[in-house]
Amino acid sequence: MDAMRILHSKQELHDGVQRMAAEIAQAYGERPLSIVSVLTGSVVLVADLIRELEMPLRVGVIEASSYGGERTTRGDLSVNAELMFDIKGRDVLLVDDIFDTGHTLVRVIEKIKEFGPRSVRSAVLLRKHGRQEVTAQPDFVAFEIPDEFVVGYGLDYDDHYRNLPYLGVLEQDDLDRHKDLVAAGTDPGA
Ligand code: 5GP
Ligand code: MG
Ligand code: MG
């Protein structure tokens with residue numbers, strides 16, 4: 001695969017996640033935390049984040065999926081909490097990859113609240129500048145990024161590129177190359 005423009009290197013991501021973990025630890029102290037990972041984009045972040053948190057915690061998952069275009073979250077958003085553990089009376093920290101328009105996080109928080117948690121806060125790896133369409137804000141943000149489509153470190157394009165250790169910008173030439181590779185039957189993420 002040809003080089004993609006790197007927005008944040010592996011080392012920068014590590015440092016940013018460590019900084020955010022310190023803020024989270026400070027906010028909760030020794031209170032046991034119920035971390036809920038919003039599938040699928042947050043799995044890489046959650047794996048790294050929990051190893052920076054030296055506090056009692058559990059890790060569960062919730063699924064948010066949108067039936068829309070490949071690169072946007074337009075269309076219907078559905079939240080599936082069937083895989084999540086019991087959060088009644090718990091302090092929940094939702095973890096997602098990116099806060100873009102904010103609709104996903106708002107919908108997931110609404111769903112979480114139906115189960116009677118003691119508190120709900122949210123942490124995201126990225127917040128995209130100038131895209132918000134909701135008033136709610138994530139409580140913890142590792143990086144502010146410009147309005148560009150990024151992949152890697154859990155974030156996908158058409159379910160590819162989640163495994164990149166860095167955060168890259170998927171530009172038009174990367175997209176063209178992706179389509180050529182798919183047409184040729186080659187896995188572009190490999
Ligand atoms: P929101 O509902 O905040 O607009 O969008 C959040 C979801 O849209 C993210 O969880 C992610 O799945 C997707 N998304 C938004 N911006 C990007 C981006 O730049 N790159 C990737 N890979 N996904 C994005
Ligand atoms: Mg997502
Ligand atoms: Mg996606």
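Colleague: How many residues surround ligand 1, and which are the closest?

Modeller: In this predicted model, 18 residues surround ligand 1. The closest are Asp100, Thr101, His103, Thr104 and Leu155.

Colleague: Which element gives the largest share of that shell?

Modeller: Strand S5 does, with four residues. S5, helix H3 (103–113) and strand S8 (150–151) each supply at least two residues of the shell.

Colleague: And what is the make-up of the shell by class?

Modeller: The shell around ligand 1 has seven nonpolar, six polar and five charged residues.

Colleague: Back to Thr104 for a second. Where does Thr104 lie, and does Thr104 count as buried or exposed?

Modeller: Thr104 lies in helix H3. Thr104 counts as buried because 23 C-beta neighbours fall inside 10 Å. The C-alpha atoms of Thr104 and Glu63 are separated by 10 Å, and these two residues are 41 apart along the chain.

Colleague: Nice. Let's zoom out: how many helices and strands are there in the chain?

Modeller: There are four helices and nine strands. Along the sequence they follow the pattern β-α-β-α-β-β-β-α-β-β-β-β-α.

Colleague: What radius of gyration does the chain have, against that of a compact globule?

Modeller: The chain has 17 Å, and a compact globule of 190 residues would be near 16 Å, so the two agree. The C-alpha atoms fill a box of roughly 50 × 35 × 30 Å along the principal axes.

Colleague: What share of the contacts join residues at least 24 apart?

Modeller: That share is 66%, among contacts between residues at least 6 apart in sequence. As for burial, 32% of the 190 residues are buried.

Colleague: On to the core, then. Which residues have the most contacts inside the largest nonpolar core?

Modeller: Those are Val36, Leu45, Leu93, Leu94, Val95, Leu125 and Tyr153, in a core of 43 residues. Strand S5 (residues 91–99) gives the most to this core, with six residues. In soluble globular proteins, nonpolar side chains tend to be buried together.

Colleague: What does Tyr153 touch?

Modeller: Leaving out residues up to four places away in sequence, Tyr153 touches Leu13, Val44, Leu45, Leu125, Leu164, Pro165, Tyr166 and Leu167.

Colleague: S5 keeps coming up. How many bridges join S5 to S6?

Modeller: Eight bridges join them, and the two strands run parallel. Asp96 stands opposite Val124 in S6. Strand S6 (residues 119–128) is mostly covered, with seven of its ten residues buried.

Colleague: What about S8, in which order does its open sheet run?

Modeller: The order is S1-S9-S8, with antiparallel pairing. Strand S1 (5–8) and S8 stand at the edges with a single partner strand each, so one side of each has no neighbour in the sheet. S8 and strand S9 (residues 167–169) pair over two bridges, and Val151 has Gly168 in S9 as its bridge partner.

Colleague: Now the backbone oddities. Which peptide bond is cis?

Modeller: The bond from Leu39 to Thr40 is cis, with omega near 0 degrees. Thr40 lies in the loop between strand S2 (33–39) and helix H2 (43–52).

Colleague: And what are the phi values of Asp158 and Tyr161?

Modeller: Asp158 has a positive phi of about 55 degrees, and Tyr161 has a positive phi of about 75 degrees. Neither Asp158 nor Tyr161 is a glycine. Most residues other than glycine have a negative phi.

Colleague: Where do they sit, and are they buried or exposed?

Modeller: Asp158 is found in the loop between S8 and S9, and Tyr161 lies in the loop between S8 and S9 too. Asp158 counts as partly exposed, because it has 14 C-beta neighbours inside 10 Å. Tyr161 has 22 inside 10 Å, so Tyr161 counts as buried.

How values were computed:
Residues are numbered from 1 along each chain as its sequence is written. Chains are lettered from A and ligands numbered from 1 in the order in which they are written. This is a predicted model: local features need pLDDT of at least 70, side-chain atom pairs count only at pLDDT 80 or more; totals for chains, interfaces and linings use all residues. The radius of gyration is taken over C-alpha atoms; the globule rule is 2.2 Å times the number of residues to the power 0.38. A residue is buried if 20 or more other C-beta atoms lie within 10 Å of its own, exposed if 12 or fewer, and partly exposed in between; C-beta atoms are placed from the backbone. Two residues are in contact if their C-beta atoms, placed from the backbone, lie within 7 Å. A nonpolar core is a set of buried Ala, Val, Leu, Ile, Met, Phe, Trp, Tyr and Cys residues joined through C-beta atoms within 7 Å. A residue is near a molecule or strand if its C-beta atom, placed from the backbone, lies within 6 Å of it. Ala, Val, Leu, Ile, Met, Phe, Trp, Tyr, Cys and Pro count as nonpolar, Asp, Glu, Lys and Arg as charged, and the others, Gly among them, as polar. Two strands pair if DSSP finds at least two bridges between them.
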